[in-house]
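Trainee: Got a minute to go through this fold with me? I'd like to see how the labels get earned.

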Amino acid sequence: MPHDPGLEVEGTMERHEGYRMIRERLEGGPRDFTAVFACDDLIAAGARQALREHGLRVPDDVSMVGFDDLPPAADIDLTTVHVPHEELGRTAVRLALERRQDASGMTGHVMLGTHIVVRDSVRTFRGADAPPPQGSCP
């Protein structure tokens, strides 16, 4: 799928902004998206609320994925990218301490692993040639 900047919406990293961005998008004309990828799980929670208020169901009408795997994600069955926050914090402290001890100022590059936590917020992809599910419109 090619990148389409027209589908991006700007906002701050807060739950109410997720709500605002999706609400404005839905009130701005016909829905032109089938999925939402939120920058974090709090934004996804706000976006989900706006979808519900417009009569849209996750994942039946709109798939949704978050990022962080924060506590609200499990509460709303959100598929999300898990970020190892504790490991991230330990690594940051270790690097800061090592940097204080190393007068050269050289810093190393550390890559931490993430993984997707699959819950119930993404509809199964069906190819363009697949028939629509019973009771739905194409």
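What follows is a short chat about the labels and the numbers behind them.

Mentor: Ground rules: this is a predicted model, where local features need pLDDT of at least 70 and side-chain atom pairs count only at pLDDT 80 or more, while totals for chains, interfaces and linings use all residues. Residues are numbered from 1 along each chain as its sequence is written, and side-chain values use heavy atoms, with hydrogens and water left out.

Trainee: Why is H85 called partly exposed?

Mentor: Buried means under 20% relative accessible area and exposed means over 50%, with partly exposed in between (1.4 Å probe, protein chains only). H85 has 37% relative accessibility, so partly exposed it is.

Trainee: What makes strand β2 largely enclosed by the rest of the structure?

Mentor: β2 covers residues 63-68, and 5 of its 6 residues are buried, so the rest of the structure largely encloses it. Strands here are DSSP E runs of at least two residues, and helices are H or I runs of at least four, numbered from the N terminus.

Trainee: How do you know that β2 pairs with β3?

Mentor: Pairing takes at least two DSSP bridges between two strands. β2 and β3 (residues 79-82) have 4 bridges and run parallel, with G66 opposite T80. β1 (residues 35-37) also pairs with β2 in the parallel sense, over 3 bridges.

Trainee: Back to H85: which residues does it contact beyond its neighbours within four places in sequence?

Mentor: D68 and L70, where contact means heavy atoms within 4.5 Å. The C-alpha atoms of H85 and L70 are 9.6 Å apart.
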